[in-house]
Amino acid sequence: MRLPIDTAAIAFLCAMPPEPVIDFETRRPKADENGEPLYVIQLLAMGDSSADLLAVKVPGVPSQAIRQGAPVKVTGLVAQPWTMADRSGVSFKAARVEPAITQAKAS
């Protein structure tokens, strides 16, 4: 089951730059169901007096402006619980991760 997350009260910072998701068996980059390359971005999610590090998968090549320490905007974030043998956890996927602040062009 995919659980949508309301990100309105969460601030996100890029903790580590985006990296391609690599298939464990083939050692090749993974793609989503539409053929878009998948990337994983380590994000620091900060809410009311708490913070967590999340590995968020996102389709498409991320902006070069997404680098360590940069504030980002996360759209369409979902959490998906998983279980494999005696292990379990939660994976995160977003429709988009983009720079939170864009500078206006000087006139």
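Is Ile 101 buried or exposed? In this predicted model, Ile 101 is exposed, because its relative accessible area of 64% lies above the 50% cut-off for that class. The residue belongs to the segment that follows strand 8, which spans 96-99, and its C-alpha atom is separated by 29 Å from that of Ile 22, a residue 79 positions away along the chain.

The interior is described by the largest nonpolar core, which comprises 17 residues and in which Phe 12, Leu 43, Val 72, Val 74 and Val 97 have the most contacts. Two or more residues are contributed to this core by each of strand 2 (11-20), strand 3 (38-47), strand 4 (50-59) and strand 5 (71-75), and strand 3 supplies the largest share, namely four residues. For Val 72, when neighbours within four places in sequence are left aside, the contacts include Phe 12, Leu 43 and Val 97, together with Cys 14 and Ile 66; Val 72 is also in contact with Glu 98, Pro 99 and Ala 100.

Two residues other than glycine adopt a positive phi. Ser 49, located in the loop between strand 3 and strand 4, has a phi of about 55 degrees, and this residue counts as exposed because its relative accessibility is 82%. Ala 85, for which phi is near 55 degrees, is placed in the loop that links strand 6 (78-84) and strand 7 (87-93), and Ala 85 likewise counts as exposed, at 77% relative accessibility.

Notes:
Residues numbered from 1 in each chain as written. Predicted model: local features only at pLDDT ≥ 70, side-chain atom pairs only at ≥ 80, totals over all residues. Heavy atoms only, no water. Buried < 20%, exposed > 50% of the residue type's maximum accessible area, 1.4 Å probe, protein only. Core = buried A, V, L, I, M, F, W, Y, C linked by side-chain atoms within 4.5 Å. Contact = heavy atoms within 4.5 Å.
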